[in-house]
Amino acid sequence: MFEGLMLGLSTALSVQNIAMVVAGCLIGTFIGMLPGLGPMSIIAIMIPVAISVGDPAAALIMLAGVYYGAIFGGSTSSILINAPGVAGTVATSFDGYPMARKGLAGKALSIAAISSFCGGTIGVILLFGFAPALASVALLFHSAEYFALMVVGLSAIAAFAGTGKVAKALLMTIVGLMMATVGESALFNAPRFTMGIQDLQSGFSFVTLAMAIFALPEALHMVLDPRRSNRGDSTSGEIKNLMITKHEAKKIAPVIGRQSIQGFLIGVMPGAGATIASFLGYAVERNIAKGEEQEEFGKGSIKGLAAPETANNAACTGSFVPLLTLGIPGSGTTAILLGALIALNVAPGPRLMIDRPEIFWAVIVSMYVGNVVLLILNLPLIPYIAKVLAVPRNYLIPFILFFTLMGSYIGQNNATELLILAGLGVCATIIRFADYPLAPLLIGFILGGMLEDNFARAVNITDGVSFMWQRPGTLILLIVGMGLIFLPAWRRRRAFARERAKARQKGVAEGD
Amino acid sequence: MALDRWIAIIFLLISLVYGYAAFNYPLLPFERNMSFLPNTMPMVLSVLGVIVALVIILSPKAAEDKDGLGEIGLAQIKEFKIAQALGLVGAMVLYALLLRPIGFVSATTLFIVGTSVILGERKFHLLLPIAVVTAGVIWYLVQETLGIFLRPWPAFLS
């Protein structure tokens with residue numbers, strides 16, 4: 001293995017390949033900032049460019065750079081304007097955007113960059129340590145386990161069920177699940193609930209919904225209440241707050257460690273990817289955090305920002321495991337990379353490591369190099385990126401609106417999406433004013449499709465629901481999911497009871 | 001009644017309509033023998049939706065939630081610039097309807113200029129060039145570099 005590493009290093013560190021990585025990272029970052037163009041689309045678009053390079057190792061190295069750049073670029077729009085363009089960066093906006101509103105945009109972007117780097121690096125280390133062993137374990141996961149994993153992912157909504165809001169968060173999740181059933185799903189042949197509108201046949205588009213739920217209400221609120229766009233204006237505090245202090249670094253270090261491993265393991269499973277990993281990372285870290293740190297989640301907690309960022313980068317690295325060791329693509333993006341490999345005349349499969357070791361190791365080392373390059377390129381750019389928020393309001397709001405319109409349009413190339421976007425945006429604004437949490441809607445929507453498909457498959461295979469308790473993996477995951485949902489409520493009740501006991505001791509009357 | 005009760009009522013209606021569509025879903029012949037039907041999950045969801053919406057409507061009024069947007073009272077709403085917001089939404093709808101007929105570059109320029117004017121921007125000498133340049137750059141990026149098709153000019157020009 002050591003000589004493989006040396007082989008990979010010597011290939012990846014040649015001048016041409018380093019130039020490829022840098023170019024890939026830059027392109028990926030800038031294009032990733034546009035909503036609607038996620039890593040999948042960008043890599044698909046870059047394949048002809050990569051193939052024209054000729055050398056498979058160089059081409060793969062460039063595509064890996066584009067991949068990581070796109071993931072980082074996606075977090076940028078999520079943090080700055082609450083417009084997550086990629087499903088994996090939705091969880092980043094939960095704490096990233098509040099931090100930006102408080103004037104800490106630079107710090108938020110730095111934390112995102114550093115946690116992504118750590119997540120990706122630890123992921124790469126785990127990759128070349130455990131790749132073959134993990135691949136065989138990943139194949140043991142059936143639809144039943146995937147279903148249970150989706151339920152655990154849904155438990156992330158508990159994070160939004162603050163005091164008094166449990167029912168509202170549940171209602172939003174159910175509405176999200178309902179919206180996921182619109183259109184044709186993988187297992188059912190006829191379109192469902194499309195009301196005769198042909199454009200709804202493939203269902204609601206994720207980007208349209210994300211823009212309508214996150215970006216539009218924010219922009220419209222800035223218009224309705226002009227004082228809102230003046231809060232968080234911090235041209236003075238900007239440069240000072242870029243670097244994270246040692247105290248903060250110590251706080252997020254355990255989060256990063258835990259989430260890299262958790263995210264990587266989730267990414268290894270084919271089909272579960274950065275999205276689930278980021279939601280689960282957020283939910284788990286929130287449950288583990290104690291007391292006032294837990295209260296900070298959702299209002300600009302650095303742990304809440306570091307957790308999903310680390311998890312989604314580690315998951316992206318993990319999704320390479322099935323591709324490189326078994327030739328099975330683990331996610332949409334790796335499927336496209338598989339296509340690129342085939343176009344470059346490389347046969348992926350179990351023998352890739354043995355027949356073409358230089359490619360195998362070059363890809364792994366280039367992922368690490370890509371991570372480093374991304375960090376070096378992006379940290380200096382952060383002050384300039386964060387200055388986007390300082391653009392005058394009369395220009396910023398039209399640009400945000402145009403951004404959201406373009407993101408939806410590019411996704412489906414269909415003007416009806418824009419009308420849906422406007423309509424849903426208005427509804428989402430009204431719903432937000434009524435104090436309903438909107439994030440569970442998106443979580444329900446994203447996970448609903450996968451949840452139903454896997455449940456349907458499992459039920460049709462085992463002809464009943466007994467798989468939920470007969471398969472040990474499913475049972476364990478479901479118990480974990482239930483625990484994550486009910487643990488916060490139970491803890492809150494215990495804390496409340498403790499406080500009442502204390503108040504009674506001091507002789508304070510209850511209920512005042 | 002508070003806004004959130006109204007919204008819950010609307011969701012109750014939506015769940016009822018959804019449930020009606022789910023329970024009367026026309027099954028294809030070969031689907032009738034499957035254990036998990038296309039309308040199983042919709043039926044479950046509609047029932048859950050009705051229950052949760054009723055819980056929200058019938059629960060006693062809880063203490064006011066101070067964070068987030070719950071603090072907005074009726075007095076503040078009167079201060080809101082609703083006309084501007086509606087103007088922006090109208091501009092978005094107009095953009096959607098005009099995008100195909102008049103092309104990307106012209107529609108985008110009109111949109112950016114229009115929305116800035118609604119918000120109060122009057123420096124046209126700055127606004128027009130910025131709008132045109134943005135539209136042009138984005139079009140170039142998307143059409144030429146990325147290969148996604150966007151017709152730049154109205155149909156009768158190209």
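Me: Before anything else, what does "buried" mean for a residue?

Reply: A residue is buried if 20 or more other C-beta atoms lie within 10 Å of its own, exposed if 12 or fewer, and partly exposed in between. Keep in mind that you are looking at a predicted model. Let's try the idea on N82(A): 24 other C-beta atoms lie within 10 Å, so N82(A) is buried.

Me: Where is N82(A) placed in chain A?

Reply: N82(A) is in the loop between α4 and α5 (90–101) of chain A. There is also something to spot in its backbone.

Me: What is the value of phi in N82(A)?

Reply: Start with the general idea: most residues other than glycine have a negative phi. N82(A) goes the other way, with a positive phi near 55° in a residue that is not glycine. F193(A) also has a positive phi, about 55°, although it is not a glycine. You will find F193(A) in the loop between α8 (166–180) and α9 (206–224) of chain A.

Me: Is F193(A) buried, exposed or partly exposed, and why? What count of C-beta neighbours decides?

Reply: F193(A) has 18 C-beta neighbours inside 10 Å, so it counts as partly exposed. H221(A), which sits in helix α9 of chain A, is partly exposed as well because it has 18 C-beta neighbours inside 10 Å. For the exposed class, look at P48(A) in helix α3 (residues 39–53) of chain A. P48(A) has 11 other C-beta atoms within 10 Å, so it is exposed.

Me: How should I read distance along the chain against distance in space?

Reply: Take two residues, count the steps between them in sequence, then look at their C-alpha atoms. Q262(A) and N312(A) are 50 residues apart in sequence, with 9.8 Å between their C-alpha atoms. For P48(A) and I382(A), the figures are 334 residues along the chain and 30 Å between C-alpha atoms. H221(A) and G448(A) are 227 residues apart along the chain, and 29 Å separate their C-alpha atoms.

Me: Which residues does Q262(A) touch?

Reply: Setting aside residues up to four places away in sequence, Q262(A) touches L280(A), G281(A), V284(A) and A311(A). Q262(A) belongs to helix α10 (residues 246–268) of chain A, and it is buried because 21 other C-beta atoms lie within 10 Å.

Me: Which residues of the largest nonpolar core touch the most other members?

Reply: Think of a core as a network of buried nonpolar residues joined to one another. The largest one here has 200 residues, and L63(A), A108(A), L171(A) and L442(A) touch the most other members. Helix α4 (residues 56–81) of chain A gives the most to this core, 17 residues. Domain 1 (3–65) and domain 2 (82–145) of chain B both contribute residues, so the core lies between them. As for L63(A), its contacts beyond four places in sequence are G24(A), I43(A), M46(A), A50(A), L337(A) and A340(A).

Me: How many helices and strands does chain B have?

Reply: Chain B has six helices and zero strands, running α-α-α-α-α-α from the N terminus. Of its 158 residues, 25% are buried. The centres of its domain 1 and domain 2, taken over C-alpha atoms, are 39 Å apart.

Me: How many residues of chain B are in contact with chain A?

Reply: To read an interface, list the residues on each side. Here, 53 residues of chain B are in contact with 47 residues of chain A. On the chain B side, α4(B) supplies the largest share, 11 residues. By class, that side has 37 nonpolar, 11 polar and five charged residues.

Me: At what angle do helix α19 of chain A and α4(B) cross?

Reply: An angle over 145 degrees counts as roughly antiparallel. The axes of helix α19 (residues 415–433) of chain A and α4(B) come within 8 Å and cross at roughly 170°, so α19(A) is roughly antiparallel to α4(B). Residues making this contact include L418(A) and A422(A) from α19(A), and M92(B) and Y95(B) from α4(B). The residues of the contact divide into 11 nonpolar, no polar and one charged.

Terms used:
Residues are numbered from 1 along each chain as its sequence is written. Chains are lettered from A and ligands numbered from 1 in the order in which they are written. This is a predicted model: local features need pLDDT of at least 70, side-chain atom pairs count only at pLDDT 80 or more; totals for chains, interfaces and linings use all residues. Domain bounds come from an automatic or database domain assignment. Helices (H or I, at least four residues) and strands (E, at least two) are DSSP runs, numbered from the N terminus. Two residues are in contact if their C-beta atoms, placed from the backbone, lie within 7 Å. Ala, Val, Leu, Ile, Met, Phe, Trp, Tyr, Cys and Pro count as nonpolar, Asp, Glu, Lys and Arg as charged, and the others, Gly among them, as polar. A nonpolar core is a set of buried Ala, Val, Leu, Ile, Met, Phe, Trp, Tyr and Cys residues joined through C-beta atoms within 7 Å. Axes are lines fitted to C-alpha atoms, for helices over the stretch in contact, and angles run from 0 to 180 degrees between N-to-C directions. Angles under 35 degrees count as roughly parallel, over 145 as roughly antiparallel, 65 to 115 as roughly perpendicular and the rest as oblique.
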